[in-house]
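This text leads through one protein structure, step by step. Please keep the sequence and the model in view while reading.

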Amino acid sequence: MKFIASVGLFLWTVVSMGQVEVQDCGVIVNNDKLTGKTFVSTEVVTEKDLDIYFVGGNNRSTYHKMYFNLKNESCIDSGDNIYVLFEDESRITRGNVLAFNCQGSSGFIINGKSVRESLKNKIITAIQVTTAKGSYRVELSKENAQKLMEQYQCLEKREYLSLVKNRY
């Protein structure tokens, strides 16, 4: 319930305080008038109790990030492992970069050519997020896996940069 309320508040803030542009591939650019900052993200993809989305860099030299929100509000610590498995059975293993929280939020920075190439060119089949109580694993539907790959491909092109008004 807290997550739904926070998403609602975020969307109200985005709509009322900023100029929002959405590209065909699901990239959202919010130029916030109040803070003077720009926030770039993708539409949320939901698979069971896991929300997945990307956050884009505001210029050519910043890294994209991949974020996950568990709806069961599990406690997750900085450094807890996140696993992304692809169709060809290759995987990405990264440590959570977010601070300890019990809202189920985690994510990693997308750096390294092999990680970028995998997300851009391979279909994700499963994601596992390590939590204080063990781990949460979800297999992605073909539709959601395709959508995530297309969203990341769109971010990698960085065509949205022309819409960014505030680079910080």
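A residue counts as buried when its relative accessible area is under 20%, as exposed when that area is over 50%, and as partly exposed in between. Lys 133 has a relative accessibility of 84%, so Lys 133 counts as exposed. The model in view is a predicted one.

The overall layout comes next. The protein has 3 helices and 11 strands. Along the sequence these elements follow the pattern α-β-β-β-β-β-β-β-β-β-α-β-β-α. Of the 168 residues in the protein, 42% are buried. Among contacts with a separation of 6 or more, 55% are between residues 24 or more positions apart.

One place to begin with the strands is strand 6, which covers residues 64-70. Strand 6 is mostly covered, with 6 of its 7 residues buried. Strand 5, residues 50-55, runs antiparallel to strand 6, and 6 bridges join the two. Within this pair, Leu 50 stands opposite Leu 70 of strand 6. Strand 6 also pairs with strand 9, residues 105-110, again in the antiparallel sense and over 6 bridges. Here Phe 68 stands opposite Ser 106, a residue of strand 9.

A second group of strands is built around strand 10. Strand 10 is mostly covered as well: 6 of its 8 residues are buried. Strand 7 and strand 10 are paired in the antiparallel sense by 5 bridges, and the bridge partner of Phe 86 in strand 10 is Ile 124. Strand 10 is also joined to strand 11 by 6 bridges, and these two strands run antiparallel. Gln 128 stands opposite Arg 137 of strand 11. Strand 10 and strand 11 form a hairpin, with 2 residues between them.

The loop between strand 10 and strand 11 is where Lys 133 is found. This is the residue with which the text began, exposed at 84% relative accessibility. Measuring from C-alpha to C-alpha, Lys 133 lies 7.7 Å from Cys 75, although 58 residues separate the two in sequence.

Which strands each supply at least two residues of the lining of the second largest pocket? They are strand 7 (81-86), strand 10 (124-131) and strand 11 (134-139). The volume of this second largest pocket is about 150 Å³. Its lining consists of Tyr 83, Val 84, Leu 85, Arg 91, Ala 126, Ile 127, Gln 128, Arg 137 and Glu 139. By kind, the lining residues divide into 5 nonpolar, 1 polar and 3 charged. Gln 128 and Arg 137, which stand opposite each other across strand 10 and strand 11, are both among the residues that line the pocket.

The last element to look at is helix 2, which covers residues 113-121. Val 115, Ser 118 and Leu 119 are buried in this helix. Viewed down the axis of helix 2, its buried residues fall within an arc of 95°, so they line one face of the helix. The face turned away from that buried side carries Lys 113 and Ser 114, which are exposed.

How values were computed:
Residues are numbered from 1 along each chain as its sequence is written. This is a predicted model: local features need pLDDT of at least 70, side-chain atom pairs count only at pLDDT 80 or more; totals for chains, interfaces and linings use all residues. Side-chain values use heavy atoms; hydrogens and water are left out. Buried means under 20% relative accessible area, exposed over 50%, partly exposed in between (1.4 Å probe, protein chains only). Helices (H or I, at least four residues) and strands (E, at least two) are DSSP runs, numbered from the N terminus. Two strands pair if DSSP finds at least two bridges between them. On a 1 Å grid over the protein atoms alone, a cavity is a set of points where a 1.4 Å probe fits but cannot get out, and a pocket is an open set with protein on both sides within 12 Å along at least five of seven lines; lining residues have an atom within 4 Å of a point. Grid points are joined across faces, edges and corners, and a volume is the space filled by probe spheres set on the points. Ala, Val, Leu, Ile, Met, Phe, Trp, Tyr, Cys and Pro count as nonpolar, Asp, Glu, Lys and Arg as charged, and the others, Gly among them, as polar. The arc is that of the directions from the helix axis to the C-beta atoms. Contact means heavy atoms within 4.5 Å.
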